[in-house]
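Visitor: Please show me the model, and let me ask how its labels are justified.

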Amino acid sequence: MKVTLAGYNIDIETIEAARQAVSEHLMTPETLSAAYARISRSPKTAGELRSEARENVEKARKSNRNIVFEMGHASIAEHAVFNIDLEGMSRFLLEEIQRHRLASYTEKSQRYVRLGDDFLYPEEWSDLKSELKELHDRCSEFYQKLCEADIPGEDARYFLPFTTKTQLGMTINARSAEHLILALASSTLEESRLLATKLHEICGEVTPSLIRYIVPSEYHRRMYSSGINPVITKKDQDFTMYSEFHGGYIRLVNITENPDNTILTANYARNTGVGFEDAKIYIDSLSIDEKASYFSGLTESATIHDRMTVDFEHVVMTWDIVLSAAAFAQLKRHRISSIGHSFLDPNLGFTVPKSISTEFYTECKKLISYSESIYSRFIEENGPVAAAAYALLSGHRRRVMWTLNLREYYHFSRLRQDAHAQWDIRNMANAMTEKLRDMIPVCSQFLGGKSELSSDIEY
Ligand SMILES: Cc1cc2nc3c(=O)[nH]c(=O)nc-3n(C[C@H](O)[C@H](O)[C@H](O)COP(=O)(O)OP(=O)(O)OC[C@H]3O[C@@H](n4cnc5c(N)ncnc54)[C@H](O)[C@@H]3O)c2cc1C
């Protein structure tokens, strides 16, 4: 066996220093993509192929263009990876960026970092700039007042608008970066389109042969536009079908039939090789106690840090959720699931943290109502376009359609039912798990946060 480290990402300042010693044209990951692209057809070793690519970078680029864009093997662009600092952009734009799941993100925590004095003035709001400024002043003042009254920053931020500036560290490969640039360029938001241009400038310069299709078509514009549905939802929604939690509503729309039997059948079939039908006959014949004992056998040596087995992926569920923008900011990070979110909608209500005592209620209501009034005025003057939502606050809500399998739900439950999790998403996770325990009495037994399941964990 031979294992060779062929490259890794390093800080740009180190790369700049190395530029003095190495020829400029070699400072690209395109040679790695070109070499790996040839692995499938060439008898040469990977090391030889990399060496050839470095000797003739222009040829490597030509090969990439041919393989990625003519032959369609776009996956080779995944071998080139960028680390990108994104600073001074709005919370709104951050949500748009993180719709792209095949990347790694670390965001400034609004739970721990004091915010509230740096806001974006989007181009679209130039006619209502003074109204937006007033919103910023009011939000900032209220946020500071709450912090001074010892309300935790994680709760005070529910009253900050989507124009709040923040920053993000992003690691993304060239294939995903091209997709991200295309999506941002298709957006109706000026801020998104500006970011698309900047990303293209910096990534395109390093990997010109891997980032090419970035001009949106009409289809892309429709697909990525996050406009506002002109059919405004009814003010008094009937949420009787939903389970309520402090922070929003959840409803289990559907789940794989007979989830316990499905998981145990998948496991039995996989471990015995008897085939699905025979495995099903066996599992169906078990009593509930026998199934529980089968499940205990599966999990007895697992710790809370272990993930569930692949068998849990055969149970798929869909949730209809109404939650605050603050909670959604956390939910969206669970990439191994399908998250369809719609626009923020003031008609879905506002999540006021429990820590906000009655003395702040009048001010809190006035602020929410001012935010909604300039949001409505923007729509009256510009139509139902996405940029209106810059004026909404983190406590405003949106509707989300969330589809995931039980293995990923276990992971979500471990992190979000934990004592360290933020209360809004923890409340939602607790409500979901309660529902799942009814539907999946056997295989849901190990659900729960890390802290809940073990008293001796050190953080
Ligand atoms: C208490 C708490 C505090 C947090 N604070 C912050 C914060 O301050 N800032 C911040 O930005 N985020 C924060 N997060 C979010 C956190 O960093 C994760 O993004 C989030 O919990 C989703 O977890 P995940 O990436 O494991 O899940 P998923 O994206 O759903 O992934 C599930 C699993 O798939 C695998 N996986 C997915 N993608 C990759 C990949 N690219 N490479 C390798 N493995 C992969 C991993 O095993 C992962 O556990 C916080 C989360 C919690 C619970």
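Guide: A strand here is a DSSP run of E with at least two residues, and strands are numbered from the N terminus. The model is predicted.

Visitor: Which element gives the most to the shell around the ligand?

Guide: Strand β2 does, with 4 residues. β2 covers 104–107. Helix α16 (406–416) is also a source, and each of the two supplies at least two residues of the shell.

Visitor: What makes a residue part of the surroundings of the ligand, and how many are there?

Guide: The C-beta atom, placed from the backbone, has to lie within 6 Å of the ligand. In this model 14 residues surround the ligand, and E107, S109, R333, H334 and R335 are the closest. By type, the shell divides into 4 nonpolar, 6 polar and 4 charged residues.

Visitor: Which domains does the shell draw at least three residues from?

Guide: Domain 1 and domain 3 each contribute at least three. Domain 1 runs over 1–115 + 170–226, domain 2 over 122–163 + 357–382 and domain 3 over 229–351 + 395–459.

Visitor: How far apart are domain 1 and domain 3, and how many residues are in contact?

Guide: Their C-alpha centres lie 33 Å apart. Contact involves 4 residues of domain 1 and 4 residues of domain 3. On the domain 1 side, the touching residues comprise no nonpolar, 2 polar and 2 charged.

Visitor: Let us turn to helix pairs. What is used to describe two packed helices?

Guide: The angle between the axes and the distance between the axes.

Visitor: Why is α8 called roughly antiparallel to α9?

Guide: The axes of α8 (residues 174–186) and α9 (residues 190–206) cross at roughly 150 degrees and come within 7 Å. The label applies to angles over 145 degrees, so α8 is roughly antiparallel to α9. The crossing of α8 past α9 is left-handed.

Visitor: Which residues make that contact?

Guide: From α8 they are A174, A177, L180, I181, L184 and A185, and from α9 they are S192, R193, L195, A196, L199, H200 and C203. They divide into 10 nonpolar, 2 polar and 1 charged. Arg counts as charged, so R193 is the charged residue here.

Visitor: Why is α2 called oblique to α3?

Guide: The axes of α2 (residues 30–39) and α3 (residues 46–55) cross at roughly 135 degrees, coming within 8 Å. That angle is not over 145 and lies outside 65 to 115, so α2 and α3 are oblique to each other. α2 passes α3 in a right-handed crossing. T31, L32, A34, A35, R38 and I39 of α2 meet A46, L49, R50, A53 and R54 of α3. By type, these residues are 7 nonpolar, 1 polar and 3 charged.

Visitor: What makes α11 oblique to α12?

Guide: Here the axes of α11 (residues 259–272) and α12 (residues 276–284) come within 8 Å, with a crossing of roughly 125 degrees. An angle between 115 and 145 falls outside the other classes, so α11 is oblique to α12. The crossing is right-handed. α11 contributes N261, L264, T265, Y268, A269 and T272, and α12 contributes F276, A279, K280, Y282, I283 and D284. The contact holds 7 nonpolar, 3 polar and 2 charged residues. Tyr counts as nonpolar, so Y268 and Y282 are placed in that group.

Conventions
Residues numbered from 1 in each chain as written. Predicted model: local features only at pLDDT ≥ 70, side-chain atom pairs only at ≥ 80, totals over all residues. Axes fitted to C-alpha atoms, helices over the stretch in contact; angles between N-to-C directions. Parallel < 35°, antiparallel > 145°, perpendicular 65-115°, else oblique. Left-handed = near helix turned anticlockwise from the far one by under 90°. Contact = placed C-beta atoms within 7 Å. Domains from an automatic or database assignment.
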